[in-house]
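User: Could you take a close look at one part of this model for me? I'd like to understand the charged residues and what surrounds them.

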Amino acid sequence: MSTAGAPQHRRPARRQVVSGAPVAAPAPVRRRDRRGRGPRGPLMPSTLPAYRTRAERFDDLVLDAVELLERRWSRHLDGTEFAVEDVPPSDPAPWEHGGVPLGRYFPADAGLPARIVLYRRPVESRATDPGDLAELVRDVVVEQVAHMLGRSPEDIDPDYSDGRDGR
């Protein structure tokens with residue numbers, strides 16, 4: 001049986017020549033698995049104390065945004081609850097037209113305090129990177145506080161950006 005003209009299926013190993021002696025090239029670092037996917041999440045094992053889930057990191061961003069506003073508006077925000085839910089309910093509020101809400105303000109009613117809710121998954125899906133996510137969370141919190149206080153978002157936070165200025 002002759003192998004002349006048959007295609008070669010095996011590639012020869014790459015070699016480098018260093019000072020006259022052949023040396024095997026280092027194996028390439030595998031950045032993706034066999035299905036072409038990269039790492040799925042942070043590389044910190046869940047058993048370590050510093051491990052934080054995406055939901056916990058999102059909660060921290062909301063708390064940071066609220067702390068910034070409480071410095072200036074603490075008297076007006078006293079008693080207001082801030083909450084995070086994964087997704088908004090399937091029945092939209094009467095004033096919401098099209099699209100998925102990123103947050104909602106629920107006024108105080110029947111002994112319940114005023115409540116501002118941010119919806120984590122819709123906000124995360126609109127952010128392009130962690131810095132953009134932090135800015136978007138802050139903007140949503142500012143918009144909801146502005147709605148609650150009956151003011152413009154620019155009055156609540158001078159650094160507010162509504163997306164029209166290219167940021």
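**Charged residues in the predicted model**

Analyst: Happy to help! D64 is partly exposed, with a relative accessible area of 43%. Its place is in helix 1, which spans residues 54-77. Together with E67, E70 and D78, D64 forms a negative surface patch. Please keep in mind that this is a predicted model.

Before following the charges further, here is the setting. The chain has four helices and five strands, and from the N terminus on the elements run β-β-α-β-β-β-α-α-α. Of its 167 residues, 26% count as buried. The accessible surface comes to about 12700 Å², and 51% of that surface belongs to carbon and sulfur atoms. Among the contacts in the chain with a separation of 6 or more, 50% are between residues 24 or more positions apart.

Now to the paired charges. A search of the whole structure finds seven salt bridges. A good place to start is R120, in helix 2 (residues 120-126). R120 counts as buried because its relative accessibility is 9%, and the cut-off is under 20%. The side chain of R120 meets that of E124 in a salt bridge, at 3.0 Å from N to O. Both partners lie in helix 2, four residues apart, which is about one turn of the helix. E124 is buried too, as is R120.

That pair belongs to a wider arrangement: R54, D86, R120 and E124 are linked in a network of salt bridges. The surroundings of R120 fit into this picture. Leaving aside neighbours within four places in sequence, R120 is in contact with R54, A55, F58, V84, E85 and D86. R54 and D86 therefore appear both among the contacts of R120 and in the salt-bridge network.

A second group of charges is built around R138. R138 and D139 meet through their side chains in a salt bridge of 3.5 Å, N to O. R138 also forms a salt bridge with D157, where the closest N and O atoms are 3.4 Å apart. The pair of D157 and R138 links distant parts of the chain: R138 is in helix 3 (residues 130-149), while D157 is in the segment after helix 4 (153-156), and 19 residues separate them. Are the two acidic partners buried or exposed? D139 is buried, at 7% relative accessibility, and D157 is buried as well, with a relative accessible area of 12%.

Two loop residues round off the tour. T80 is in the loop between helix 1 and strand 3 (81-85). With a relative accessible area of 14%, T80 is buried. Not counting residues up to four places away in sequence, T80 touches A114, I116 and M148.

A110 is the other one, and you may want to look at its backbone. A110 sits in the loop between strand 4 (103-106) and strand 5 (115-119), and it is exposed, with a relative accessible area of 75%. Its phi is near 50°, a positive value in a residue other than glycine. As background, most residues other than glycine have a negative phi.

To draw the charges together: D64, E67, E70 and D78 make up a negative patch on the surface, whereas R120 and E124, which are joined in a salt bridge, are both buried.

Notes: Residues numbered from 1 in each chain as written. Predicted model: local features only at pLDDT ≥ 70, side-chain atom pairs only at ≥ 80, totals over all residues. Heavy atoms only, no water. Patch = residues over 30% accessible without salt bridge, like charges linked within 9 Å, V, L, I, M, F, W, Y side chains within 5 Å. Areas by Shrake-Rupley, 256 points an atom, 1.4 Å probe, with all protein chains shown as cover. Salt bridge = Lys/Arg side-chain N within 4 Å of Asp/Glu carboxyl O. Lys, Arg positive; Asp, Glu negative; His and termini not counted. Charge placed at Lys NZ, Arg CZ, Asp CG, Glu CD. Buried < 20%, exposed > 50% of the residue type's maximum accessible area, 1.4 Å probe, protein only. Contact = heavy atoms within 4.5 Å.
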